[in-house]
Amino acid sequence: MKKLYSFVLINIFISSIIAIRYFVVPGALFNWTGITFSIFAVIGHFFSVYLLLLIICIPLLWIKPCLRNLILIVLFGFFQIGLFIDTIVFQQYRFHINLSVISMVFSGQVVDFSLFTYCLMLTLIIASLCLECFILYWINNKFAIAHTKSKFLRLSTIFLIFAFFISHIVHMIAFYYAYSPIMVVKEYIPLYRPFTSKKIMEFFDKQGQRKVIYEKDDEHTGIHYPKHTLIINSDNNKPQNIMFIVLDSWRYDTFSEQISPNTYHFAQQNNGVIFNNHYSTGNATRTGIFGLFYGIPGTYWDAFLRNSVPSLFVTTLQKENFNIGIFTSAKVTAPEFDRTVFATIKNLRISSHDGPASSRDKQITNDWLAWYKQRDTSKPSFSFLFYDAPHAYDFPDDFEVKFKPIGDLDYMTLNNNTDPVPIFNRYKQSVYYDDYLLQNVYDELIRSGTLDNTLIIITGDHGQEMNDNKLGFWGHNGNYTDAQTKVPFIIIGAKNLEQLKDNAAKLTSHEDVVPSLMKHYLYVENDISDYSTGYDLFNPITNRNWLLMSNYSSYAVRTPDNIYLVNRLGISHYMDSHNHEIDATPNYSYIQAAIGNMRYFYQPSN
């Protein structure tokens, strides 16, 4: 057992040496705090990984030495090979290898290996297996387990355990205080999931100092967003007010005259452009709002959160001296939009008072009305109203029930046989209630005489499934079908209506909002590719065949007919638009292009 454990310890050391390659990629600059933490994180992480391998290998102690040694050589040798290959993938793509990447590489559609590459791989395999063979030979024949050696093993184990726990504790503290030099390390280590706990930290932080965001050095982020400094030329242009109205969990098919009559008629009466094929950047709030405010894929969320990178759209509004009013029904700290989208906004309104979603929605309406009436009218205004009732299926008890029969929502009892009608009616009722509240907003825009000078975008952060695909999915964050990702999208008060109407039936995304507004309303002269992977909605969209979507742990490349899903384990599934797996080969050129977008802002500009 001691010899097997010694073999594992040596491999931990080898893996830690190989892992240095993750931290020497272009743009990966660390301060001394980050370097010190990286050492403990790498060593502690590989200790936990190899501990699992050790447990798996314990039954080998009862088989013949020759067979046992052969299995150990192959198992540990290929583990080191896989780790080395992952460093190559990370250097080129800034993410770690997964089964999806493997299937794409070996599909033959994207990469053709040369004879030299095959020879190099063969050499790597032989060298790795020979090294493991030598280690085993040295341990079995030269390494006597004396008292001093046993003491060395004990001390090594104590150090490894210390490294494991100290790295997780330090990361928990760094995450709580948004200290990016430590948080960013997670991106570089494969399969690394350090501990976080707001509840534990809040127990020690009675003063609520969590809101202190440490100043970061952009040189050390490894993120190149924007690609070039933004050039804004608004001197000869009169700014226009901008408003985002977003309903959490708003399905595309509940924007109608029956369910949302006030918004429907408001759009009809004010030349609103209704997009019929619009999708969120995710099936969850985090990635849906992220894509809406950044114009880039939600897969960047973790990196931007660790580095407290704000939305360029928001910082440009600030530079252009906009009044900015952020009114969210749910807490803006969960997800952590206070550390991402709105990180640069001082005195940010964190949430409404506690209470049901319908009550909080009423409060943000009233708060916005009060703010809008008292705003500085010499400056343009940006308003963000984020309603929550549809997410909670909530409406006031004394509010007229329009959709019957109506049922209570109990996620514990939902299954594939549950009748969706009563639940769907409750959901429609919540949308109907928020639409009722929004009439107050529309009336104020008209009363104040600012409607003609306001660009209004009305949409949802993601959809909400009612078991539409008969696969037992309810709510969101479960799949990437229309029910969970297709949302209403209406633009009211836009200039150049004809150009917008040309794209109303095209495949559009939340990624398209920021580039369209930055170019035409905030007068940013840079090429869109400097700050977004989206399209300009005011120019014809002619070559879009796919969309990239994501959530907390997976991503999908979505075409009108198919979904290519990569789950949190890196395992890919190819499905039709109703989430049924199909026996077909995906178009890997689309997937390669999507991966290019996922790594685009990690690459320095030429």
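Here a colleague puts questions to a modeller about a predicted model.

Colleague: Let's start with helices α12 and α18. What makes α12 roughly parallel to α18?

Modeller: Helix α12 (residues 312–319) and helix α18 (residues 513–520) pack at an angle of about 25°. Angles under 35 degrees count as roughly parallel, so α12 is roughly parallel to α18. Their axes are 10 Å apart, and α12 passes α18 in a left-handed crossing.

Colleague: Which residues meet there?

Modeller: From α12 come Leu-312, Phe-313 and Thr-316, and from α18 come Val-514, Leu-517 and Met-518. By type, this contact has 5 nonpolar residues, 1 polar and no charged.

Colleague: Why is α9 called oblique to α15?

Modeller: Helix α9 (residues 261–269) and helix α15 (residues 420–447) pack at about 45°, with axes 7 Å apart. Roughly parallel needs an angle under 35 degrees, and roughly perpendicular needs 65 to 115. The angle fits neither, so α9 is oblique to α15.

Colleague: And what does that contact consist of?

Modeller: In α9, Pro-261, Asn-262, Thr-263 and Phe-266 take part; in α15, they meet Tyr-432, Asp-435, Tyr-436, Leu-438, Gln-439 and Tyr-442. These residues divide into 6 nonpolar, 3 polar and 1 charged.

Colleague: Back to α12. Why is α12 described as largely enclosed by the rest of the structure?

Modeller: Because 6 of its 8 residues are buried. They are Leu-312, Phe-313, Val-314, Thr-315, Thr-316 and Leu-317. Among the elements covering them are β1 (241–247), α10 (285–294), β4 (323–328), β5 (381–387) and α18.

Colleague: What caps the N-terminal end of α12?

Modeller: Ser-311 does: one of its side-chain oxygens lies 3.1 Å from the backbone nitrogen of Phe-313. A polar contact needs the two atoms within 3.5 Å, and this pair fits that distance. After α12 comes Asn-321, with a positive phi near 65°.

Colleague: How do you know that Ser-516 is buried?

Modeller: Ser-516 has a relative accessible area of 2%. Buried means under 20%, so Ser-516 counts as buried. This serine sits in helix α18.

Colleague: Where does the side chain of Ser-516 reach?

Modeller: It reaches the backbone nitrogen of Leu-537, at 2.8 Å. Leaving out residues up to four places away in sequence, Ser-516 touches Tyr-521, Tyr-535, Asp-536, Leu-537 and Phe-538.

Colleague: Now the backbone. What makes Ser-308 worth a look?

Modeller: Most residues other than glycine have a negative phi. Ser-308 is not a glycine, yet has a positive phi of about 50°. You will find Ser-308 in the loop between α11 (301–306) and α12. Its relative accessible area is 9%, so Ser-308 is buried.

Colleague: What is the phi of Asn-579?

Modeller: Phi of Asn-579 is near 75°, again a positive value in a residue other than glycine. Asn-579 belongs to the loop between β14 (572–576) and α19 (588–599). With a relative accessible area of 13%, against a cut-off of under 20%, Asn-579 is buried.

Colleague: Which residues does a cis peptide bond join?

Modeller: Ala-334 and Pro-335 are joined by one, with omega about 0°. Pro-335 lies in the loop between β4 and α13 (357–374). The bond from Lys-404 to Pro-405 is cis too, with omega near 0°, and Pro-405 is in the loop between α14 (389–392) and α15. Most peptide bonds are trans.

Note on methods
Residues numbered from 1 in each chain as written. Predicted model: local features only at pLDDT ≥ 70, side-chain atom pairs only at ≥ 80, totals over all residues. Heavy atoms only, no water. Axes fitted to C-alpha atoms, helices over the stretch in contact; angles between N-to-C directions. Helix = DSSP H or I, 4+ residues; strand = E, 2+ residues; numbered from the N terminus. Parallel < 35°, antiparallel > 145°, perpendicular 65-115°, else oblique. Left-handed = near helix turned anticlockwise from the far one by under 90°. Contact = heavy atoms within 4.5 Å. Nonpolar A, V, L, I, M, F, W, Y, C, P; charged D, E, K, R; others polar. Buried < 20%, exposed > 50% of the residue type's maximum accessible area, 1.4 Å probe, protein only. Polar contact = N/O pair within 3.5 Å; in protein donor to acceptor, adjacent residues only side chain to side chain.
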